[in-house]
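Biologist: Could you take me through this model and tell me how you arrive at the terms you use? I would like the reasoning along with the labels.

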Amino acid sequence: MADQELDPSDPSCLYLVSAFLALDSTESLISLSRVCGGGSVTEGVQRFIWDHCLSKAAENFHAPYLKNFLKKLIAEIELNHDLVLDELYEQYAYYMTSLKDDNVVKGRICKCISFLFPAGSSQLPSCPSSGKLVVPLRCSLNMLDGDTGCALWPSSLFLSEFILSFPGLFLNKSCFEVGSGVGLVGICLAHVEASKVILSDGDLSTLMNMKLNLESNNFSIGTNRQERTEYSNTIKCIHLPWESASENELQDFVPDVILGADVIYDPACLPYLVRLLAILLNKKTPSSTKPNDSCQGSLLDSKSMDDKFNGSLQGNANANDNGNGFDANGGKIICNGTSNTGSRKGPVAYIASVIRNIDTFNHFLSLVDQANITITDLTETHKPLNLLPYMQSYDRSNVRLFVLSCK
């Protein structure tokens, strides 16, 4: 079979390598392999996979993943009655004999997330000269073992795309993330030159893994909460259990921007989360409150949620940014207040979340209302660039973006 040598810079090939480094689903890799070959996994595609993916995989590149990929790749090639490269057979045979039991998967693995800026993005301050930002991350292999804090959640990917797409919202701003997980959002904040980046998590194991991720991305780590000296390559990491965080230590940070990705999930934790957000937004949570009838976001069912979120939203995500995180056209206020979001001042919080349980989200809205915080849906008015076009396992359509501020 005489195949023309594939160009690694060709978008289809770039997507394939990026998906491989991100350890995306094997189904995604097979699909991208077909695209590279014009519909089938040709010999040229196999050679490209060997040269640019498999032969460069480190010894700790999670052999069970490679074994599964090779198994499905070979099956795909044989199904089309094409020849399989000897190297692929030999590598698969090696994994077959060397891996005794890959059914029980524990520990963590390194994924490299490549943010690929589309053509025409060179004027965007966050766009590297190469058009690609690669972030290596240690992530959990098995969340069933309680390692959810080290998983790479879709809202974290979405919030990272948002930061890189709208760098002006974070430039020279003091940023504080709650529930920082693997640290991806913080790395993107540092990339767009936030003046200060403070990452927090309540789990010590997650915090330790986060620090390793920051170090592997060439950031020095600050841990002293009282430390005031900041450097451009420094990100602070702090242990911050929501339920025990004191008002004094939270008010000491005084951030311009608060961020959170997939933090609206546990009803028991939500009162602590809202209290934390209220303090960081410079608004104390009342000690005794009752639901306010002005809250327009008490969503009773899935249909109500769709009606609230999927109405006609107007505005250009890039137009007339007033510097405080809001577009002059604004988004759709779903709780507390009816004034134009462009008039809001003071700190803001960006929360990206997949709404998995409507009752849990309603509970969050109720608590936000009691704390006199306005929450606005920006999902349609502030759409980020698609910087992860190769990651087929990432469904950005399920993620909602909200901005919160005090009334």
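Modeller: Gladly, and let me begin with a term: contact means heavy atoms within 4.5 Å. Please keep in mind that this is a predicted model.

Biologist: With that in hand, which residues is Thr360 in contact with, leaving aside its neighbours within four places in sequence?

Modeller: They are Ile264, Tyr265, Pro267 and Leu270. Thr360 itself belongs to helix 12, residues 358-370.

Biologist: Why is Thr360 called buried?

Modeller: Buried means under 20% relative accessible area. Thr360 has a value of 8%, so it counts as buried.

Biologist: What makes helix 10 and helix 12 oblique to each other?

Modeller: The axes of helix 10 (residues 270-280) and helix 12 cross at roughly 40° and come within 10 Å. Roughly parallel requires an angle under 35 degrees, and roughly perpendicular runs from 65 to 115. The pair falls in neither range and is therefore oblique. The crossing of helix 10 past helix 12 is right-handed.

Biologist: Which residues meet there?

Modeller: Helix 10 brings Leu270, Pro271, Leu273 and Val274, and helix 12 brings Thr360, His363, Phe364, Leu367 and Val368. Seven residues of this contact are nonpolar, two are polar and none is charged.

Biologist: Why is helix 1 called roughly antiparallel to helix 2?

Modeller: Their axes lie 9 Å apart, and the helices pack at an angle of about 160°. Angles over 145 degrees count as roughly antiparallel, so this pair earns the label. Helix 1 passes helix 2 in a left-handed crossing.

Biologist: And which residues of helix 1 and helix 2 meet?

Modeller: Ser12, Cys13, Tyr15, Leu16, Ala19 and Phe20 of helix 1 meet Leu29, Leu32, Ser33, Val35 and Cys36 of helix 2. That contact divides into nine nonpolar residues, two polar and no charged.

Biologist: What covers the buried residues of helix 2?

Modeller: The cover includes helix 1 (11-21), helix 3 (43-52) and helix 4 (63-79). Among the buried residues of helix 2 are Leu29, Ile30 and Leu32. Just after helix 2, Gly38 takes a positive phi of about 70°.

Biologist: Which members of the largest nonpolar core touch the most other members?

Modeller: Phe115, Phe170 and Tyr350 do, in a core of 88 residues. Helix 4 supplies the largest share, eight residues. Apart from this core lies another, of 35 residues, including Leu277, Ile279, Phe361 and Cys406.

Note on methods:
Residues numbered from 1 in each chain as written. Predicted model: local features only at pLDDT ≥ 70, side-chain atom pairs only at ≥ 80, totals over all residues. Heavy atoms only, no water. Buried < 20%, exposed > 50% of the residue type's maximum accessible area, 1.4 Å probe, protein only. Helix = DSSP H or I, 4+ residues; strand = E, 2+ residues; numbered from the N terminus. Core = buried A, V, L, I, M, F, W, Y, C linked by side-chain atoms within 4.5 Å. Axes fitted to C-alpha atoms, helices over the stretch in contact; angles between N-to-C directions. Left-handed = near helix turned anticlockwise from the far one by under 90°. Nonpolar A, V, L, I, M, F, W, Y, C, P; charged D, E, K, R; others polar.
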